[in-house]
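Visitor: Could you take me through one part of this model in detail? I'd like a close look at the place where two of the chains meet.

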Amino acid sequence: MTVTLDTICRVIGCDVPSGAGAIAVQGIASIEDAEPGEITFLSNSRYAKFLPETKAAAVIVPRGLTPPPGVRLLEVDDAYLAFVRILGLFDSRSRGDVAQGIHPSAVIAPDATLGENVSVGPCAVIGRSVTVGKDTVIGPGSVVMSGSRIGSGCLFYPNVTIMDGCSVGDRVIIHAGAVIGSDGFGFAPEGRTLRKIPQIGRVRIEDDVEIGACTCIDRAAFGETVIARGAKLDNLIQVAHNVKIGYSTVIASQTGISGSTTIGTGVKIGGQAGFAGHLTVGDGASVGAQGGVTKDVPPGEIVSGYPAKNHQQAMRLEAALRRLPDLLKTVKQQEQRIGELERIIRRQDEDNA
Amino acid sequence: MTVTLDTICRVIGCDVPSGAGAIAVQGIASIEDAEPGEITFLSNSRYAKFLPETKAAAVIVPRGLTPPPGVRLLEVDDAYLAFVRILGLFDSRSRGDVAQGIHPSAVIAPDATLGENVSVGPCAVIGRSVTVGKDTVIGPGSVVMSGSRIGSGCLFYPNVTIMDGCSVGDRVIIHAGAVIGSDGFGFAPEGRTLRKIPQIGRVRIEDDVEIGACTCIDRAAFGETVIARGAKLDNLIQVAHNVKIGYSTVIASQTGISGSTTIGTGVKIGGQAGFAGHLTVGDGASVGAQGGVTKDVPPGEIVSGYPAKNHQQAMRLEAALRRLPDLLKTVKQQEQRIGELERIIRRQDEDNA
Amino acid sequence: MTVTLDTICRVIGCDVPSGAGAIAVQGIASIEDAEPGEITFLSNSRYAKFLPETKAAAVIVPRGLTPPPGVRLLEVDDAYLAFVRILGLFDSRSRGDVAQGIHPSAVIAPDATLGENVSVGPCAVIGRSVTVGKDTVIGPGSVVMSGSRIGSGCLFYPNVTIMDGCSVGDRVIIHAGAVIGSDGFGFAPEGRTLRKIPQIGRVRIEDDVEIGACTCIDRAAFGETVIARGAKLDNLIQVAHNVKIGYSTVIASQTGISGSTTIGTGVKIGGQAGFAGHLTVGDGASVGAQGGVTKDVPPGEIVSGYPAKNHQQAMRLEAALRRLPDLLKTVKQQEQRIGELERIIRRQDEDNA
């Protein structure tokens with residue numbers, strides 16, 4: 001695929017470097033790897049050291065940089081966002097790569113209802129009474145179990161499992177190996193054995209959600225586990241029964257959320273974070289990677305560490321902890337100095353007596 | 001589905017509120033979400049604030065609560081257990097949703113032995129010499145590889161993988177995407193490369209075990225990885241080679257157990273906990289969420305934190321840590337005060353000299 | 001399977017105990033579980049207590065141990081490596097167990113190119129323009145999507161997903177449920193919503209790599225996510241977009257590596273470790289289990305804890321932390337003692353005045 005610099009500049013809204021509009025760009029690369037004919041960007045200052053020697057045809061940069069000799073800069077307000085637009089120009093992947101039409105090896109229940117232009121890949125399975133909205137693509141080996149309702153324009157990659165009775169909105173993307181609607185983890189002790197608590201609820205995923213590979217979202221014990229509109233979940237995440245995740249919330253890989261916890265809207269959660277059950281995390285809060293959240297988090301609060309606490313406080317404690325070995329020495333010396341003072345005072349007393 | 005309050009009271013063993021026996025209950029909901037015609041419960045005092053305004057047809061509660069005006073209480077000894085029984089009343093999910101009979105698209109080796117009333121879903125695969133006990137259901141897309149023995153009354157959800165030569169007891173439930181019998185992670189260094197150590201053992205899962213979605217249980221290097229009777233494992237758990245997990249032990253999501261570690265009976269393990277290899281965790285021990293266990297845990301001990309230590313001690317250390325910034329200030333002030341005392345004493349000495 | 005002690009001694013290069021060469025060994029077991037007719041080994045001193053009572057036909061041991069009465073020792077330089085060789089002798093598992101030939105239920109695109117002796121299991125799917133090298137085995141239910149190139153001698157277990165346009169070298173082993181080439185997790189904020197950043201790069205896995213069950217390796221946003229030759233990844237690992245993992249690096253289960261981080265060659269990473277994005281981990285470094293790496297790690301450095309720091313320093317801080325409750329008491333006592341000294345000095349001053 002080839003795009004001229006003219007086109008690129010028009011898409012990102014910057015001036016075309018003089019005489020360079022016809023240059024053909026064949027691809028995208030990082031600033032250190034770019035070859036002649038490729039375009040790159042500089043947004044994170046960590047990579048600025050690579051700018052003078054880059055071989056890229058052009059570098060998308062924030063305004064105000066001095067161009068090193070022989071390096072062609074494209075100045076924009078937000079270099080990262082501009083670069084994201086360019087990625088779209090070079091995107092040759094298509095939904096047809098995942099599945100195109102109904103493959104003869106797909107197994108579709110006679111009473112399932114498929115909208116217009118639905119694709120179902122090889123060896124995929126659509127269960128009884130399932131409905132699938134128009135333009136949705138179900139990848140090879142994926143299974144949608146009985147009674148689930150899938151919206152339109154969705155894209156399910158291979159080997160996804162949607163359990164029975166779940167609901168998925170429009171334009172939802174689910175990556176390979178994800179499991180939606182597995183049983184919540186609930187057992188009631190009966191003497192020394194454990195009785196399974198029926199998990200009769202479901203999962204409801206709203207529009208424009210994205211669910212990562214091998215992420216597991218358990219159905220509710222009763223009622224619903226909810227992933228609200230526009231939430232984005234990375235790979236290998238655990239969402240337990242009756243959890244609610246709010247609008248436009250972003251959760252990084254390997255995070256785990258225990259039962260009945262409610263995460264607000266616009267929350268940002270780092271990787272490998274964990275949440276106890278029955279908590280409320282307020283709108284706009286942030287949780288650091290590997291944070292262990294054991295209490296409610298107020299709206300807008302930034303927490304980190306285990307147990308998670310205000311991030312500034314966590315950093316102060318971490319800084320204080322680094323000073324602890326010296327503190328132990330200081331206190332030991334003070335112990336001697338105080339003892340010495342006490343001996344002197346006692347001797348004075350005895351002398352005075 | 002509709003159940004009368006009469007039936008509900010009979011099932012949970014409580015008095016029928018006068019004149020209310022014929023009321024039709026259509027469903028179950030949480031105390032804050034319940035609509036008229038739904039039943040709910042109150043067990044965790046965190047939710048007591050919702051009691052006065054609940055619209056539920058009735059609320060299952062522990063004995064001794066004062067009923068707010070217009071709220072119908074069903075008093076029992078254990079509100080949670082009573083509620084679990086009611087969940088069963090409303091459970092319309094069935095094993096037939098997972099698979100019913102042998103689907104023509106299933107691929108079953110000619111020498112596999114299937115008991116009476118076994119179901120194998122679409123595109124599932126049963127390998128050579130596999131045996132499957134009566135009434136077991138193998139979900140769509142699941143694979144049971146050669147020589148494995150599956151008991152009776154099991155329920156495997158879609159896209160489960162059972163590797164070759166493994167053994168699964170009776171009434172075992174395995175959720176979607178789980179992998180049983182993958183190779184243990186073992187490599188012997190040979191110069192700068194790594195030689196794979198053959199993993200020739202197997203996995204043995206005993207009766208009444210439940211395994212969560214995308215949980216991985218590695219086969220033994222030699223001998224067996226064992227999940228003992230009645231153990232319950234949540235989603236996305238890693239069980240390494242030669243691990244033994246005891247009777248009725250409960251392990252929450254995303255926990256990882258390294259090779260050759262033995263977990264006793266009735267152990268409770270929180271989410272995202274980790275265990276080093278070759279450890280022994282005693283019967284009845286508890287490990288907190290995100291705990292990092294680096295040493296043996298005695299029977300009955302409760303541990304938490306990283307590295308995991310007695311939970312009371314961990315809490316004391318955490319409380320002490322919070323006081324550390326103030327302590328640093330105090331010691332700095334003491335340093336000045338001690339210095340001042342020393343100066344005074346020295347001056348006295350000089351004066352006296 | 002039966003092997004004589006003669007054969008075993010020849011394979012591991014040790015003397016045959018006198019008169020014992022013809023003894024038939026039927027299997028392998030741990031030192032505490034071994035029955036007569038089985039062989040075992042002793043390498044970790046933690047298990048030495050089982051040596052005197054072992055029933056094993058023979059025990060592979062490091063040189064210099066005194067044989068307890070009735071226990072037959074096979075002395076070698078490295079008992080563990082010798083034992084690994086013996087495991088190979090008893091390995092009856094075969095690639096044919098995974099798949100043998102092209103199963104009629106496999107779905108293979110007409111323009112896919114399969115080398116000699118390729119096996120594709122039941123219900124596996126090979127997409128458009130895929131190439132698969134000779135002797136490679138694709139397990140049941142696995143999906144290789146369009147345009148991917150798979151080398152020769154690979155072994156993919158069941159329900160593996162290789163997304164479009166990825167590249168896998170020779171002799172690569174991928175365990176069940178793993179996902180290669182899922183989208184990187186990238187979204188650009190647009191007002192209160194999130195715009196998906198196209199992930200147009202790919203994953204390149206080099207020769208002799210092993211990837212564990214349910215491990216997820218995201219494709220690059222652009223360019224490549226790279227797993228270099230001989231790297232070994234355990235189960236349930238997250239590798240984000242544009243990560244590079246070096247030659248012969250070993251990563252234990254449930255570790256997560258954020259975007260654009262580069263891990264060097266010969267690095268050892270414990271389970272459940274986490275890495276922030278855009279970091280560099282030097283060659284030969286080690287990261288402890290559950291470590292949270294937030295900064296670059298120099299070559300050869302050993303780090304642990306959260307935030308990860310030099311392991312010796314982390315241990316010192318942990319030891320210091322355990323002394324903190326006592327320190328708080330000591331400082332409180334010193335506070336009183338200093339106060340008392342100050343009172344005495346003040347009184348002296350007043351007396352002298």
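**Where chain B meets chain A**

Guide: Let's start with one pair, keeping in mind that this is a predicted model. B:Glu335 makes a salt bridge with A:Arg337, and their closest N and O atoms sit 2.8 Å apart. Across the interface of chain B and chain A, the rule picks up seven salt bridges, along with 24 residue pairs in polar contact, both partners at pLDDT 80 or more.

So much for the pairs; here is what chain B brings to them. The elements giving two or more residues to its A-facing side are α2 (79-89), α3 (95-98), β26 (232-233), β29 (250-251), α4 (311-322) and α5 (324-352) of chain B. Of these, α5(B) supplies the largest share, 13 residues. Sorted by class, that side of chain B has 36 nonpolar, 21 polar and 12 charged residues.

Now the whole interface: 69 residues of chain B are in contact with 70 residues of chain A. The area buried between the two chains comes to about 5,600 Å², with carbon and sulfur atoms giving 63% of it.

One more residue is worth a stop, B:Cys214. On the chain A side, B:Cys214 touches A:Gly177, A:Val179, A:Cys214 and A:Cys216. Its contacts also include C:Cys214 and C:Leu236 from chain C, and B:Leu236 from its own chain. B:Cys214 belongs to the largest nonpolar core, which has 54 residues. Among the residues with the most contacts inside that core are B:Cys214 itself, A:Cys214 and C:Cys214, and the list also has Tyr157 of chains A, B and C.

Notes
Residues are numbered from 1 along each chain as its sequence is written. Chains are lettered from A and ligands numbered from 1 in the order in which they are written. This is a predicted model: local features need pLDDT of at least 70, side-chain atom pairs count only at pLDDT 80 or more; totals for chains, interfaces and linings use all residues. Side-chain values use heavy atoms; hydrogens and water are left out. A nonpolar core is a set of buried Ala, Val, Leu, Ile, Met, Phe, Trp, Tyr and Cys residues joined through side-chain atoms within 4.5 Å. Buried means under 20% relative accessible area, exposed over 50%, partly exposed in between (1.4 Å probe, protein chains only). Contact means heavy atoms within 4.5 Å. Buried area is the accessible area (1.4 Å probe) that two parts lose on being put together, summed over both. A salt bridge is a side-chain nitrogen of Lys or Arg within 4 Å of a carboxyl oxygen of Asp or Glu. A polar contact is a pair of N or O atoms within 3.5 Å; within protein, one must be able to donate a hydrogen and the other to accept it, and residues adjacent in sequence count only if both atoms are side-chain atoms. Helices (H or I, at least four residues) and strands (E, at least two) are DSSP runs, numbered from the N terminus. Ala, Val, Leu, Ile, Met, Phe, Trp, Tyr, Cys and Pro count as nonpolar, Asp, Glu, Lys and Arg as charged, and the others, Gly among them, as polar. Lists of a residue's contacts leave out its neighbours within four places in sequence.
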